[in-house]
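Student: I would like to learn how to read surface patches, pockets and backbone angles in a model. Could we go through one together?

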Amino acid sequence: MYPTSFNGLTFGNLYVHEPGGALTNLILVLWGALILFRMAHFSKPFSQNWKLFVLFLSLASLGGIFTHGFPNLFSPRFFFILWGLKNMLIPLACFYGSMGFIKILMPERYSTLRLLFAIKALLIVVALFSTYNFTPVAIDLAFTYILIIILAVRSENIIAGASLFRNAFLIAVFSGIAYIVKIDIDPHWFTHKDIVHVFVYICLWLIYRGVEVYEKEKT
């Protein structure tokens, strides 16, 4: 949330509250844009869901550049609005990531599960704004990681590239551990939040490779 003290770094006349956070979010935005560019020609419904997953995570990181790097530019009220808007994109990403596997593995239940998962995403967003805390989103991420690992394992003989998704979200589990443990290597340039982002970079690349394998198998 809005910082109670401004103890970041100043570069000339520019104050940066969390230089590492701003930089790793920027890298994540650029990384996501590169992956989306490489996935642009993928057209299957499964792939479309994963493109939306990457898109929403990248947009959330775009907001993170400002909330982590330049909170002093905003009033506490506007900062909270921006913080909430960028974090509400993460449950949307989780929704589309889950739907990719569910549509293939459980087509007869897809409509019902799609509605239930949409309600889940809405409830997470309500909890986010009600508690003024990232914890509901973190719980949703953990649930999604575990769910996709299970679905990927179940679909290894059905969906080409499923093992890459399994590995991607096993890596993502380590990002969750890094978020919980909160070990900062450097208080300005490489905190636990930045360690989380490093695991996300790897996760997104494996997702891209998984979708690529899936598309090639189906064509």
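Tutor: We will take the nonpolar patch, then the pockets, then the backbone; keep in mind that this is a predicted model.

Student: Which residues make the nonpolar surface patch?

Tutor: Phe11, Leu14, Leu23, Leu26, Ile27, Leu30 and Trp189 make a nonpolar patch of about 640 Å². Helix 1, residues 19-38, gives the largest share of the patch, 4 residues. Phe11 belongs to strand 1, which covers residues 9-11.

Student: Is Phe11 buried, partly exposed or exposed, and why?

Tutor: The class depends on relative accessible area: under 20% is buried, over 50% is exposed, and partly exposed is in between. Phe11 has a relative accessible area of 40%, so Phe11 is partly exposed.

Student: What volume does the largest pocket have, and which residues lie nearest its centre?

Tutor: The space in the largest pocket is about 1,200 Å³. Its lining has 46 residues, and those nearest the centre are Lys86, Asn87, Phe134, Tyr179 and Lys193.

Student: Which helices supply the lining of the largest pocket?

Tutor: At least two lining residues come from each of helix 1, helix 2 (45-69), helix 3 (76-105), helix 5 (135-154), helix 6 (162-181) and helix 7 (192-218). Helix 6 provides the largest share, 8 residues.

Student: How do the lining residues of the largest pocket divide by character?

Tutor: In the lining of the largest pocket, 27 residues are nonpolar, 15 are polar and 4 are charged.

Student: What is the volume of the second largest pocket, and which residues line it?

Tutor: The second largest pocket has a volume of about 170 Å³. Its lining consists of Asn7, His17, Glu18, Asp184, Pro187, His188, Thr191, His192 and Lys193. By character, that lining divides into 1 nonpolar, 5 polar and 3 charged residues. Lys193 appears here as a lining residue, and Lys193 is also among the residues nearest the centre of the largest pocket.

Student: Now the backbone. What is the phi of Tyr132, and where does Tyr132 lie?

Tutor: Tyr132 is not a glycine, yet its phi is positive, about 55 degrees. Tyr132 sits in the loop between helix 4 (110-131) and helix 5.

Student: What is the phi of Lys182, and in which loop is Lys182 found?

Tutor: Lys182, also not a glycine, has a positive phi of about 60 degrees. The loop that holds Lys182 runs between helix 6 and helix 7.

Student: Why is Lys182 put in its exposure class?

Tutor: Lys182 counts as partly exposed because its relative accessible area is 45%.

Technical notes: Residues are numbered from 1 along each chain as its sequence is written. This is a predicted model: local features need pLDDT of at least 70, side-chain atom pairs count only at pLDDT 80 or more; totals for chains, interfaces and linings use all residues. Side-chain values use heavy atoms; hydrogens and water are left out. Patches are made of residues with over 30% relative accessible area and no salt bridge: like charges are joined within 9 Å, nonpolar side chains (Val, Leu, Ile, Met, Phe, Trp, Tyr) within 5 Å. Accessible areas come from the Shrake-Rupley method with a 1.4 Å probe; for residues, only the protein chains shown count as cover. A salt bridge is a side-chain nitrogen of Lys or Arg within 4 Å of a carboxyl oxygen of Asp or Glu. Buried means under 20% relative accessible area, exposed over 50%, partly exposed in between (1.4 Å probe, protein chains only). On a 1 Å grid over the protein atoms alone, a cavity is a set of points where a 1.4 Å probe fits but cannot get out, and a pocket is an open set with protein on both sides within 12 Å along at least five of seven lines; lining residues have an atom within 4 Å of a point. Grid points are joined across faces, edges and corners, and a volume is the space filled by probe spheres set on the points. Ala, Val, Leu, Ile, Met, Phe, Trp, Tyr, Cys and Pro count as nonpolar, Asp, Glu, Lys and Arg as charged, and the others, Gly among them, as polar.
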